[in-house]
Amino acid sequence: MSTDLERGPALQLFVSWLARQSPHQTAYYDIVMERRSLVISNSREEHGTNPYRRARFFGSTASFDRNGIQVLEEIDKLGAESTPLKLTIKNPYCVGVLVDYLKQPKIDEEGTHRWPLSTLSSVRFNHQMSKPILNIICDFARVRKDVARVTIEPPDLQEVAEDWKRWDASISSPLQEVQKRCPKFAEFAGWLRTLITHATMIQTTLEASEYLGPLPLELFICVLSFSLSGLGPIKALARLEQLRLVSKVWHVTIDSTPQFWMTIPNDPKTAPKITDWIKKSGDAPLHIISDGLNDPLEPFMSLLNLHVHRWKTVKIWSDDWDASRYLDRPTPLLEELSLAGPSFGPDASLCSGVTPSLSDVKLLRVNLPRDLGFLKHLKELHLYRVTYLTDKLSIGQIYDILSACPNLIRLLLNIEHKEDAHRRTPITFPRLEDLTVASTPRLDGWAAHLLSLIDAPNLLNISTRLDSGPSTPALLLTKSWLTRLSLHQTTQYMVTIWQWGLTCSMVREQGCANSSQHCRLSLSWRRPTSNEKAGVQILEVMDNFGSQYPPLALTIKDPRFAPTCIEYLKQPKVDKDGTQRWTLPTLYSVRFILGNGPSWDCMSAFALVRTDIAKITTQRPDSYGQVYDSRKWDAESMSFIPLMPE
């Protein structure tokens with residue numbers, strides 16, 4: 001049956017339809033209340049005369065609340081003799097009226113109290129959720145304890161596990177539910193993270209005195225910290241301030257946990273709360289952050305100077321400030337220091353020279369102190385446009401700085417310096433793995449001078465800028481990098497030559513001696529024409545290893561270098577024992593990604609000569625960096641054919 005609820009006879013027609021069904025042959029009724037319609041399905045027993053019947057009623061949204069209740073009222077008149085009933089609500093506008101109806105107890109003719117729709121076994125709310133609606137649903141679940149199953153399935157939370165959405169009257173808090181149903185910590189952590197992001201829902205589903213239940217306090221603190229890990233310092237503190245309002249138990253727990261208040265940011269909007277945050281941190285180490293160049297530094301640092309013995313990480317970026325005023329006391333716990341814009345007096349020393357734990361220093365536009373004792377135990381050092389007494393550093397002063405930190409693992413240099421005529425023995429860094437030498441166009445050749453000071457036998461990753469000359473120390477260093485690495489631990493090399501540089505990556509075996517499995521050499525040069533010299537020289541260094549070299553994949557993105565590279569790879573070589581071979585004999589893949597590259601005849605001639613290369617492909621880049629028109633060399637047709645995606 002299908003009809004319109006707006007018409008008068010419709011309700012009477014439904015009553016007649018409902019009365020004619022044989023209750024003893026009906027397994028259950030299934031009612032779905034949508035925005036403009038109501039569907040009643042009558043699922044009958046297997047041996048019934050008609051196994052399945054359905055009635056559908058239509059109506060406007062404005063009048064559907066009243067008419068929908070009238071339909072339920074007719075079903076309710078059947079009382080306890082009716083069959084089990086399943087109810088699905090897809091119309092959020094009728095939730096309030098429906099719940100009010102279902103919460104009002106009824107009195108039968110014999111004076112017996114009962115609930116409306118006493119055979120109701122399941123209620124499912126399948127619509128968009130809001131805080132008021134959720135309050136109504138939770139209140140209904142608490143009152144109608146006779147309903148076996150109450151679930152919420154909002155469309156925007158379909159990815160949440162089913163157990164999270166089902167109401168469980170035997171469990172007083174979601175945390176207890178997680179502890180019962182999710183024995184694994186990872187599942188529990190993910191669940192609670194979702195719970196915290198929906199903090200407004202917490203207040204509607206929990207009793208204030210039972211928010212933690214039997215959950216171990218240490219586990220709750222650990223997972224709460226995990227939920228804040230993806231936020232910045234200011235947002236994390238703002239979230240904590242919100243979570244403190246969930247309940248008295250959460251308020252006391254969060255306020256009495258020092259690790260939640262260890263990071264102190266300098267934000268003018270939260271300045272009145274800094275004293276309170278420091279107090280809550282107790283005796284825990286502090287992480288100090290002031291990265292707003294225009295944020296007032298004096299009131300912020302005056303509060304933290306009293307706790308200098310607890311500093312663990314310090315990041316202060318500000319314009320032209322005197323570091324001697326704030327960094328003049330011993331800092332026994334300080335591990336990481338990042339400064340931008342400060343200056344030290346001529347006789348000043350960083351933290352009175354007492355920094356036994358300092359291992360990571362990043363200095364940007366810093367006027368260095370005379371005492372370099374703080375560099376002794378460093379593992380990572382970044383120097384960007386640093387000066388001494390407002391003047392450029394001399395190459396001798398840079399040598400002294402690098403000599404003061406022999407245990408470096410990572411080093412970044414971007415320093416304008418003054419040259420001198422002295423020749424110095426390179427400093428050996430036995431643990432150095434990552435080296436970056438940035439560049440500035442105002443001082444040509446300066447990278448070569450800096451690289452000439454460094455000897456790193458275990459260097460894995462290099463990023464630097466080559467000059468146009470083929471015999472610069474920078475090029476020699478890259479040759480040394482290729483030679484020193486253990487070739488038997490390398491499974492594959494990948495070389496990419498682009499317009500302004502060259503990148504060489506290697507994949508190493510998992511059991512290699514060094515800590516890194518991936519190694520990378522990144523070179524850049526000032527003029528694109530340098531590719532023809534430096535690019536070929538790098539390939540020549542690899543070729544000198546001959547057939548013992550690991551498999552090599554070559555990608556060419558520089559249209560100027562492509563013809564030179566093709567000619568170089570087409571030339572056969574003769575080893576010392578007189579054996580003829582191809583250049584780079586372990587080359588198994590060549591990929592051209594060129595907008596305006598060599599002609600098809602040129603690349604076809606290369607493919608016809610180097611038949612030992614397993615894969616030769618061409619692609620064209622668009623303005624967004626994506627590639628199209630992919631083709632591969634086909635030996636049978638002796639042409640480039642479209643490359644089908646694998």
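How many salt bridges does the structure hold? The structure holds 19. The model is predicted, and several of these bridges are described below.

## Overall picture

The chain has 646 residues, and 48% of them count as buried. Its secondary structure comes to 19 helices and 32 strands. Among contacts between residues at least 6 apart in sequence, 60% join residues at least 24 apart.

Mean pLDDT for the chain is 75, and 72% of the residues score at least 70. Two stretches fall below 50. Over residues 45-52 the pLDDT is below 50, and this stretch has 14 contacts in the model beyond near neighbours in sequence. Over residues 156-165 the pLDDT also stays under 50. For residues 156-165 the model has 21 contacts beyond four places in sequence.

## Nonpolar cores

In soluble globular proteins, nonpolar side chains tend to be buried together. Here the largest nonpolar core has 109 residues. Leu381 and Leu539 touch the most other members of this core. Helix α18 (residues 561-570) supplies the largest share, six residues. A second, separate core holds 31 residues, including Val71, Leu87, Leu117 and Ile137.

What does leucine 381 contact, leaving aside its neighbours within four places in sequence? Its contacts are Val361, Leu375, Ile401, Cys405, Leu408, Arg410, Leu411 and Leu412. One of these, Arg410, is charged and takes part in a salt bridge with glutamate 380.

## Salt bridges between strands and helices

In the bridge between arginine 410 and glutamate 380, the closest N and O atoms are 3.0 Å apart. Arginine 410 sits in strand β17 (residues 410-414) and glutamate 380 in strand β15 (residues 380-384), so the pair ties together parts that are 30 residues apart in sequence. The two ends fall into separate accessibility classes. Arginine 410 has 34% relative accessibility and so counts as partly exposed. Glutamate 380 is buried, with a relative accessible area of 13%.

Glutamate 540 and lysine 573 also meet in a salt bridge, at 3.2 Å from N to O. Glutamate 540 belongs to helix α17 (residues 531-543) and lysine 573 to strand β27 (residues 572-574), so this pair ties together parts that are 33 residues apart in sequence. Glutamate 540 is partly exposed, at a relative accessible area of 27%.

## A salt-bridge network

Which residues are linked in a network of salt bridges? They are Glu241, Arg244, Asp255, Asp276 and Lys280. Within this network, the side chains of arginine 244 and aspartate 255 meet at 2.6 Å, N to O. Arginine 244 is in the loop between α10 (233-243) and α11 (248-255), while aspartate 255 is in helix α11. The two residues are 11 apart, and the pair links distant parts of the chain. Arginine 244 counts as buried because its relative accessibility is 13%, under the 20% limit.

## A buried arginine without a partner

Arginine 310 lies in the loop between α13 (298-304) and β12 (311-322). Is this residue paired or unpaired in terms of a salt bridge? Arginine 310 is buried yet has no salt bridge. The nearest side chain of opposite charge is aspartate 283, 5.1 Å away. A salt bridge needs nitrogen and oxygen within 4 Å, so aspartate 283 at 5.1 Å does not qualify.

Not counting residues up to four places away in sequence, arginine 310 touches Ile278, Ser281, Gly282, Asp283, Ala284, Pro285, Leu286 and Leu333. Aspartate 283 is thus among its contacts, although the two form no salt bridge.

## Aromatic pairs

A pair of aromatic rings is described by the distance of the centres and the angle of the planes. The whole structure contains five aromatic pairs. Tryptophan 321 and tyrosine 326 form a tilted pair, with 6.2 Å centre to centre and 35° between the planes. Both residues, tryptophan 321 and tyrosine 326, are buried.

Why is the pair of phenylalanine 592 and phenylalanine 606 edge-to-face? The planes stand at 90°, with ring centres 6.3 Å apart, so the pair is edge-to-face. Phenylalanine 592 lies in strand β29 (residues 587-593) and phenylalanine 606 in helix α19 (residues 600-609), so the pair ties together parts that are 14 residues apart in sequence. Phenylalanine 592 is buried at 1% relative accessibility. Phenylalanine 606 is buried at 0%. Elsewhere, Trp600, Trp633 and Phe640 form one aromatic cluster.

Terms used. Residues are numbered from 1 along each chain as its sequence is written. This is a predicted model: local features need pLDDT of at least 70, side-chain atom pairs count only at pLDDT 80 or more; totals for chains, interfaces and linings use all residues. Side-chain values use heavy atoms; hydrogens and water are left out. pLDDT is the predictor's confidence in each residue, from 0 to 100. Contact means heavy atoms within 4.5 Å. Helices (H or I, at least four residues) and strands (E, at least two) are DSSP runs, numbered from the N terminus. Buried means under 20% relative accessible area, exposed over 50%, partly exposed in between (1.4 Å probe, protein chains only). Lys and Arg count as positive and Asp and Glu as negative; His and the chain ends are not counted. A nonpolar core is a set of buried Ala, Val, Leu, Ile, Met, Phe, Trp, Tyr and Cys residues joined through side-chain atoms within 4.5 Å. Rings of Phe, Tyr and Trp (its six-membered ring) pair if their centres lie within 6.5 Å; planes under 30 degrees apart count as stacked, over 60 as edge-to-face and the rest as tilted.
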